[in-house]
Amino acid sequence: MQRKPPKTGPPADPLEVAVRLLAIRARSAAEVRRALLRRGVPAAAVDETLATLTRRGYLDDAAFATAHAQSQGVARRRGPRRVTAELSSLGVPREVAESAVREAFGPGEERRLAEAAAARKWAALVRQPRAVALRRLAAHLSRQGFGPGVIAALLRERFRGGEVPEPH
């Protein structure tokens with residue numbers, strides 16, 4: 001798919017562009033900054049636009065991070081490590097991302113989500129030899145962002161018997 005060539009002429013009003021971007025989906029301040037700079041908006045105008053959006057309540061990295069942690073973490077069964085990394089890649093400051101993830105992943109939530117993710121993946125692995133299935137399940141849970149302690153405990157407790165358990 002080819003991209004359209006950039007428009008020539010004066011750039012559009014940066015506030016209007018930013019509001020259009022935010023109307024499509026919530027974004028971090030860093031995402032809006034990158035988008036405006038890509039469109040040729042001068043850095044001073046970008047800073048002013050971001051300040052205006054923040055002042056008006058349209059741009060809030062903490063609220064964005066919390067919503068993202070809820071939707072991507074809890075709803076999609078992703079672990080806190082992956083969600084924190086996603087938020088960092090979206091330009092959310094690490095401290096803000098970690099705080100949002102702690103809020104979204106309450107006590108026992110990581111384990112509950114890991115169990116749900118494991119149950120879903122197990123259906124695809126049930127025909128594999130036990131050792132292969134467990135190794136692939138552990139790798140899948142790790143890629144989804146669950147911690148090694150949670151993965152080890154889950155495999156030890158749920159998959160300790162001699163027979164491969166049926167998926168739930």
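Good morning. I begin with a residue in a loop: R77 is placed between helix α4, residues 61–74, and helix α5, residues 80–89. Helices here are DSSP runs of H or I with at least four residues, strands are runs of E with at least two, and both are numbered from the N terminus. The model is a predicted one, in which local features need pLDDT of at least 70 and side-chain atom pairs count only at pLDDT 80 or more, while totals for chains, interfaces and linings use all residues. Residues are numbered from 1 along each chain as its sequence is written, and side-chain values use heavy atoms, with hydrogens and water left out.

To return to R77, its phi is near 55°, which is a positive value in a residue other than glycine. R77 has a relative accessible area of 31% and is therefore partly exposed. On this scale, buried means under 20% relative accessible area, exposed means over 50%, and partly exposed lies in between, with a 1.4 Å probe and protein chains only.

Let me now turn to the protein as a whole. It has nine helices and zero strands, so that the order of elements from the N terminus reads α-α-α-α-α-α-α-α-α. The protein has 168 residues, and 38% of them count as buried. Its accessible surface comes to about 10,400 Å², and 53% of that belongs to carbon and sulfur atoms. Such areas come from the Shrake-Rupley method with a 1.4 Å probe, and for residues only the protein chains shown count as cover. Among contacts in the protein with a separation of 6 or more, 62% are between residues 24 or more positions apart. A contact means heavy atoms within 4.5 Å.

The N-terminal part comes next. In helix α2, residues 29–38, the buried residues are A30, E31, V32, A35 and L36. What covers them includes α1, residues 14–24, together with α3 and α4. Just after α2, G40 takes a positive phi of about 85°.

Is T49, in helix α3, buried or exposed? T49 lies in α3, which spans residues 43–56, and it counts as buried because its relative accessibility is 5%. Not counting residues up to four places away in sequence, T49 touches P14, L15, A18 and L36. L36 is also one of the buried residues of α2.

Further along the chain is A104, in helix α6, residues 94–104. A104 has a relative accessible area of 8% and is therefore buried. In sequence, A104 and G73 are 31 residues apart, yet from C-alpha to C-alpha they are 7.8 Å apart in space. Leaving aside neighbours within four places in sequence, A104 is in contact with A69, Q70, V74 and E109.

I now come to helix α7, residues 109–125, and the helices that pack against it. How do α7 and α8 pack? Helix α8 covers residues 130–143, and the two helices meet at an angle of about 135°, with their axes 10 Å apart. Axes are lines fitted to C-alpha atoms, for helices over the stretch in contact, and angles run from 0 to 180 degrees between N-to-C directions. α7 and α8 are therefore oblique to each other, given that angles under 35 degrees count as roughly parallel, over 145 as roughly antiparallel, 65 to 115 as roughly perpendicular, and the rest as oblique. Their crossing is right-handed, a term used when the near helix is turned clockwise from the far one by less than a right angle; anticlockwise would be left-handed. From α7, residues A114, A117, A118, K121, W122 and L125 meet A133, L134, R136, L137, H140 and L141 of α8. By class, this contact has nine nonpolar, one polar and two charged residues. Ala, Val, Leu, Ile, Met, Phe, Trp, Tyr, Cys and Pro count as nonpolar, Asp, Glu, Lys and Arg as charged, and the others, Gly among them, as polar.

Helix α9, residues 148–158, also meets α7: their axes come within 10 Å and cross at roughly 60°. α7 is therefore oblique to α9, and the crossing is right-handed. E110, R111, A114, E115 and A118 in α7 meet V150, A153, L154, E157 and R158 in α9. This contact has five nonpolar, no polar and five charged residues.

I close with V150 of α9. V150 is buried, because its relative accessible area is 19%. V150 contacts E110, R111 and A114, leaving aside neighbours within four places in sequence. V150 and R111 are 39 residues apart in sequence and 6.2 Å apart in space, C-alpha to C-alpha.
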